[in-house]
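Biologist: Could you take me through one part of this chain in detail, and set it in its surroundings as you go? I would like one connected account that I can follow with the model open beside me.

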Amino acid sequence: VQLQASEGGLVQAGDSLRLSCAASGRTFSTYAVGWFRQAPGKEREFVATISWNGGSTYYADSVKERFAIYRQNAKDTVYLQMNSLKPEDTAVYYCADDATYVSGNYYLIDERGYDYWGQGTQVTVSS
């Protein structure tokens, strides 16, 4: 397993939940990392991304101002803090990294650019 995501869970609307993504057997401290999600019957979609140095982040409009992505490179871990959760946030969440060092505040939105993926973790938000 290259990337290990933490367990998701079942929460109520309005609750908060934090996901983590840790590198296993390799490091991603110099790579951009992204979070994606896939709801039942839907395509996988972009959620958030962060540059290798944490200097830049970008969010999907649907999660902006509710979710926060950040990282601790010393721990080779990236987090997704999810606040004010809604039933429409229910999905399997995936983390990924692009395994390519790019200097500066580079991040990646297109999932086709990511090389390593976590196993996915289920987040269910009840109304």
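Modeller: Happy to! One term comes up at once: two residues are in contact when they have heavy atoms within 4.5 Å. With that in hand, among contacts in this predicted model between residues at least 6 apart in sequence, 61% join residues at least 24 apart. The chain has eleven strands and zero helices. Its 127 residues would give a radius of gyration near 14 Å as a compact globule, and the value for the chain, 13 Å, agrees with that. Along the principal axes, the C-alpha trace spans about 40 × 30 × 25 Å, and 43% of the residues count as buried.

Let us look closely at aspartate 98, in the loop between β9 (91-97) and β10 (116-117). Aspartate 98 is buried, yet this residue has no salt bridge. The nearest side chain of opposite charge belongs to arginine 26, and lies 7.4 Å away; a salt bridge would need a side-chain nitrogen of Lys or Arg within 4 Å of a carboxyl oxygen. What is aspartate 98 in contact with, leaving aside its neighbours within four places in sequence? Tyr31 and Ala32 are among the partners, and so are Tyr106, Leu108, Gly113, Tyr114 and Asp115. For the wider charge picture, the chain carries 11 positive and 14 negative side chains, with the centres of the two sets 3 Å apart.

A second aspartate is worth a visit while you have the model open. Aspartate 76 sits in the loop between β7 (67-72) and β8 (77-82). Its relative accessibility is 15%, so aspartate 76 counts as buried, the cut-off being under 20%. Aspartate 76 also has a positive phi of about 50 degrees, although it is not a glycine.

Further along the chain, serine 84 lies in the loop between β8 and β9. Serine 84, again not a glycine, has a positive phi of about 50 degrees, but its relative accessible area is 41%, which makes this residue partly exposed.

Serine 84 leads us to one more loop, the one between β2 (9-12) and β3 (17-23), where you will find glycine 14. Setting aside neighbours within four places in sequence, glycine 14 is in contact with Ser84 and Leu85. If you would like a distance to check on screen, the C-alpha atoms of glycine 14 and alanine 68 are separated by 15 Å, with the two residues 54 apart along the chain.

Conventions: Residues numbered from 1 in each chain as written. Predicted model: local features only at pLDDT ≥ 70, side-chain atom pairs only at ≥ 80, totals over all residues. Heavy atoms only, no water. Helix = DSSP H or I, 4+ residues; strand = E, 2+ residues; numbered from the N terminus. Rg over C-alpha atoms; globule rule 2.2 N^0.38 Å. Buried < 20%, exposed > 50% of the residue type's maximum accessible area, 1.4 Å probe, protein only. Lys, Arg positive; Asp, Glu negative; His and termini not counted. Charge placed at Lys NZ, Arg CZ, Asp CG, Glu CD.
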